[in-house]
Amino acid sequence: TAHRAAPRRFRQDPFQPLDAMSFALATSAASAVGAKRAPVAGARLGKSAHIPRRAMQSSVTRAAVGADEGAAIKPFEAIVEAKSTHPVADNRGDSFARTPHFHPECERAINEQINIEYNVSYIYHAMYAYFARDNVYLPGIAKHFLKESLEERSHAELLMNYQIMRGGRVELQAIMPPQVEYDHPEKGDALYAFELSLSLEKLNNDRLIALHRVAGEADDANMQDFIEGELLEDQVKSIEEVSRFVGQLRRMGNKGDAVWHFDQALLEEA
C-alpha cells in the first residue's frame, strides 16, 4: 500500500531574500544621507537584486544613524534666525523682554494713561471725603465714590504691570489737586458730583480710544487686545451706570428727602 507523503511544512527563513522593491527602498534610504551603498553579491544588471533580510535591516539602521549625524552637524536654521532677528541686549539698562512691536510711542502713551487714571482716582477720593463729612453725610454716595476711586487706581496699576511686562519703563507724573467743595447753588452737591463723574468717565473713554489708536498705528496687536479686553469694556459700562444715576437725580431735583432716598438705594447696593 502506497503511503501518502506527509505534507511538507514550511518555516519562515530569516534569510529569505526580499523582492526588488524592498531592496530599492532600503538602498534609497541609505543613499539619501550619503551612505555608501554596500555591494550586493550576485547582483547583475537587468536582474532582480536580492539581499538577506538581516543585511537590509543593517543598511536601514546605518542610514538612520547617518541621517541623525547629518542633522546634528547641519546648523539649525530657526536658531540662527532667532539670534540674528532678536538678539538679547548686552546692556543691563535695556529690557530683555522688549520686542520690536512695542514702540516708544506706545510706552509714552501708556505712561500718560497711567497719569490720567491716577488723576481721576484722586478726584473720586476727594468726592468720597466730601460726602463722608458729618455735615453732609450721604454714606451711600460716599461709598460709591470710594469704590470708583479704588477702581481707577486699580486701572493705573493694571497699566503699570502691563508696561513692565512689555519691557517699558513706568514714569509717574504729577497729579493735580482736586477741588474740595462740590455743592452747587442750583444743582446741589449730589447731581453736580455725578455729572462731573460722567464727564470724567467720557473723557477717560476718549483717552483709552486714543491709546488704542496708538497701538494700532504701531501694529501692536497684543496692546490692542489688552486695551479692548481689560479697559474699554469696563469703561463703557461705567458710562452707562453713571448716566442712569444722573437721569434719576435730575428727576428728583435738589430736594433733601429725594436725595436721601437715592443715597439709601446706593448704600444698599454697596
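Biologist: Is Glu 195 buried or exposed?
Modeller: This is a predicted model: local features need pLDDT of at least 70, side-chain atom pairs count only at pLDDT 80 or more, and totals for chains, interfaces and linings use all residues. Residues are numbered from 1 along each chain as its sequence is written, while side-chain values use heavy atoms and leave out hydrogens and water. Buried means under 20% relative accessible area, exposed over 50%, and partly exposed in between (1.4 Å probe, protein chains only). Glu 195 has a relative accessible area of 13%, so Glu 195 is buried.

Biologist: Which side chain meets Glu 195 in a salt bridge of 2.6 Å, N to O?
Modeller: A salt bridge needs a side-chain nitrogen of Lys or Arg within 4 Å of a carboxyl oxygen of Asp or Glu. The partner here has a relative accessible area of 32%, so it counts as partly exposed. At 2.6 Å, N to O, the side chain that meets Glu 195 is Lys 187.

Biologist: How many residues apart in sequence are the parts that Glu 195 and Arg 250 tie together?
Modeller: Their side chains meet in a salt bridge of 2.8 Å, N to O. Glu 195 lies in helix α6 and Arg 250 in helix α7, so the pair ties together parts whose separation in sequence is 55 residues.

Biologist: And is Arg 250 buried or exposed?
Modeller: Its partner Glu 195 is buried. Arg 250 has 57% relative accessibility, so Arg 250 counts as exposed.

Biologist: Which residue forms a salt bridge with Asp 220?
Modeller: Asp 220 is at 2% relative accessibility, so Asp 220 counts as buried. The partner is buried too. The two side chains meet at 3.0 Å, N to O, and the partner is Arg 166.

Biologist: Why does that pair tie together separate parts of the chain, and how many residues apart are they?
Modeller: Asp 220 and Arg 166 meet in a salt bridge. Asp 220 lies in the loop between α6 and α7, and Arg 166 in the loop between α5 (139-165) and α6, so the parts tied together are apart in sequence by 54 residues.

Biologist: Which residues does Asn 222 contact, leaving aside neighbours within four places in sequence?
Modeller: Asn 222 is placed in helix α7. At 41% relative accessibility, Asn 222 counts as partly exposed. Contact means heavy atoms within 4.5 Å. With those neighbours left aside, Asn 222 is in contact with Tyr 162 and Arg 166.

Biologist: How far apart in space are Asn 222 and Phe 102, C-alpha to C-alpha?
Modeller: Phe 102 is among the contacts of Asp 220. In sequence, Asn 222 and Phe 102 are 120 residues apart. In space, C-alpha to C-alpha, the separation is 9.3 Å.

Biologist: How many helices does the protein chain have?
Modeller: Helices (H or I, at least four residues) and strands (E, at least two) are DSSP runs, numbered from the N terminus. The pattern along the sequence is α-α-α-α-α-α-α-α. Strands number zero, and the count of helices is eight.

Biologist: What share of the 270 residues is buried?
Modeller: Among the buried residues are Asp 220 and Arg 166. Of the 270 residues in the protein chain, the buried share is 32%.

Biologist: How many salt bridges does a search of the whole structure find?
Modeller: Glu 105, Arg 108 and Glu 112 are linked in a network of salt bridges. Across the whole structure, the search finds eleven.
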